[in-house]
Amino acid sequence: MRAFRHLALLLTLLAPAAFADGLYQVEVIVFRQAGEQISASQPAPDDWAVGSQALPAGSERGTALDNEAAKLNPGNGYQVLLHQAWSQNLSAAPSKVAISTGEQTFGHYPVEGTLTLSQQERLLDLEADFWINQFDADGLLSSSERLKQGTRLKADELTYLDHGSLGILVRVRPL
C-alpha cells in the first residue's frame, strides 16, 4: 500500500508535463485602429495559407470576449475585422490554422491569415500572420495590410498584439 502512495505521488508530480497537451479554446479578435490604413509593399500572396489546416468542422465555439469586442467600436476609434473562437488540440509541435472572414474573391478574403500555436511547458508560443485586403471594382486584390507578429503567452490570459494600424486580442484557455 505504501508503494502505491509513492507511485501516486510520483505520477501527480509528473502529470503536468505528461498531460500538458490538450484541448483549448482559442479566441481571436482582429481590429483596425483609427487612422490611415498602412498598405503592405505587396498584396497578400496567393499561398497565404500554405502549411496550415482549415478549422475542422464542428470546432467553432461561442465567443467569450464579446465585451472586449463591443469596446472596439467606431465611437472609440476602432473597427472589429474578425472575431472567431474555436477548439483546438495543442502540443509542443506547432499547429497552424488558416482563418478568414468575408466572401472569397479569386482565392482571397477581406481578412485572411494564419495562427500558429504550440505549447512550451506552462507557456504558449503564438505566431500570427494576417492580411487585411482591399479589392478593386473588378474584384481583384489591389492592396493589403499585414500584421505579422509572434509572442509567448500564458493560458487563459488576454494578450494584445499591436502592429501599426492593426491589432489582435487573443486568449487561449484550456477546456
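**Exercise 1.** Determine how strand β4 and β5 pair, and over how many bridges.

Solution. Step 1: locate the strands, which are DSSP runs of E with at least two residues, numbered from the N terminus. β4 covers residues 95–101, and β5 covers residues 111–120. Step 2: apply the pairing rule, by which DSSP must find at least two bridges between two strands. β4 and β5 are antiparallel, with 7 bridges. Step 3: check one position; leucine 117 in β5 lies opposite serine 95.

This is a predicted model, in which local features need pLDDT of at least 70 and side-chain atom pairs count only at pLDDT 80 or more, while totals for chains, interfaces and linings use all residues. Residues are numbered from 1 along each chain as its sequence is written, and side-chain values use heavy atoms, with hydrogens and water left out.

**Exercise 2.** Describe the pairing of β5 with strand β6 and the hairpin they form.

Solution. Step 1: β6 spans residues 123–135 and pairs with β5 in the antiparallel sense over 10 bridges. Step 2: serine 118 has aspartate 125 in β6 as its bridge partner. Step 3: the hairpin has 2 residues between the strands, and glutamate 121 takes a positive phi near 55°.

**Exercise 3.** State how many residues of β5 are buried, and which residues have the most contacts inside the largest nonpolar core.

Solution. Step 1: buried means under 20% relative accessible area (1.4 Å probe, protein chains only); in β5, 9 of 10 residues qualify. Step 2: a nonpolar core joins buried Ala, Val, Leu, Ile, Met, Phe, Trp, Tyr and Cys residues through side-chain atoms within 4.5 Å. The largest has 25 residues, and those with the most contacts inside it are Val28, Val30, Leu115, Phe130, Ile168 and Val172. Step 3: β6 supplies the largest share of this core, 5 residues.

Technical notes: Buried < 20%, exposed > 50% of the residue type's maximum accessible area, 1.4 Å probe, protein only. Helix = DSSP H or I, 4+ residues; strand = E, 2+ residues; numbered from the N terminus.
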